[in-house]
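Student: I am new to this structure and would love a close look at one part of it. Could you walk me through the strands and how they pair?

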Amino acid sequence: ILILSFYVLSFQIRESASQTRDVLKQHFNDLKGTLGKLLDERLVTLLQEVDTIEQETIKPLDDCQKLIEHGVNTAEDLVQEGEIAILGGVGKENEKLWSFAKKASHIQLDSLPEVPLLVDVPCLSAQLDDSILNIVKDHIFKHGTVASRPPVQIEELIEKPGGIIVRWCKVDDDFTAQDYRLQFRKCTSNHFEDVYVGSETEFIVLHIDPNVDYQFRVCARGDGRQEWSPWSVPQTGHSTLVPHEWTAGFEGYSLSSRRNIALRNDSESSGVLYSSAPTYFCGQTLTFRQVHINRSVCHA
């Protein structure tokens, strides 16, 4: 038995260490992927800003350049046309000369756009704060911790008819708990589910199947913190007590689907209500709760 106990303890250390390694690797791989994606998205945004500024500021210059080129081409065409007209003489019969003179009077070759100075046009640059590397580095170096023991552990499992009372306590005096989170699962299941979140240190888990093993674990959230602490060592428990049920068929009462709640109905009969089996024994606590329901009657 002593050797088996040491084997169980060694297995818990090795198994928890292996799981912790896997969790750390997965978390940091996810973190690297997310950070890379965020950096890529920011880079795309900044490059789009560069493209927008370039397109908006280069367009007026392109328009001016096209206007100047058009004026130069027009002037060259006009000079060639003038040379041809002069070759035809200066008489009144020279229609080309008169056409050239008329066209030249309507073209303003001396009207050109003003060329801006270099200081008046954008000169793009990237403003990058290198201090972000130190900030990120500080956060990364402080990110994550490895705890050898969780701050809370399950203290006691008490069976009840159709339920189990789970009690837990702090084992780290330096840890100030604000909330606790309790989960459970059947031992045949791979998924834990939340059953309680609050400030109490005990909770009764209902709808427990009799003679079925369940695992329970609890964690805590420190005062003023958002993240939860590591989970406690899972504890296995079961209840040998069947859930309490009322016997059906008695006039004057209506039963819930689980037959654990009985409500008085409108029947004039008020017989005695019996349980289906002796599910409570000496030393156990039985609590009755009487609920008054007001029934309203509408008169036509």
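Student: How many bridges join strand β3 to strand β6, and in which sense do the two run?

Tutor: Happy to help! This is a predicted model, in which local features need pLDDT of at least 70 and side-chain atom pairs count only at pLDDT 80 or more, while totals for chains, interfaces and linings use all residues. Residues are numbered from 1 along each chain as its sequence is written, and side-chain values use heavy atoms, with hydrogens and water left out.

Now to your strands: β3 (residues 177–186) and β6 (residues 214–222) run antiparallel and are joined by nine bridges. Strands here are DSSP runs (E, at least two residues), numbered from the N terminus, and two of them pair if DSSP finds at least two bridges between them. Within this pair, Y180 of β3 stands opposite A220 in β6.

Both strands belong to an open sheet of four, ordered β4-β3-β6-β7 with antiparallel pairing. At its edges stand β4 (193–198) and β7 (235–237); each has a single partner strand, so one side of each lacks a neighbour in the sheet. From one strand to the next, the twist averages 25° (axes are lines fitted to C-alpha atoms, and angles run from 0 to 180 degrees between N-to-C directions).

Other strands pair too. Eight bridges link β1 (residues 152–160) with β2 (residues 163–170) in the antiparallel sense, and E159 stands opposite I164 in β2. Two residues lie between the strands of this hairpin, where G162 takes a positive phi near 75°. β2 also pairs with β5 (residues 202–206), antiparallel over five bridges; there, R167 has E202 as its bridge partner.
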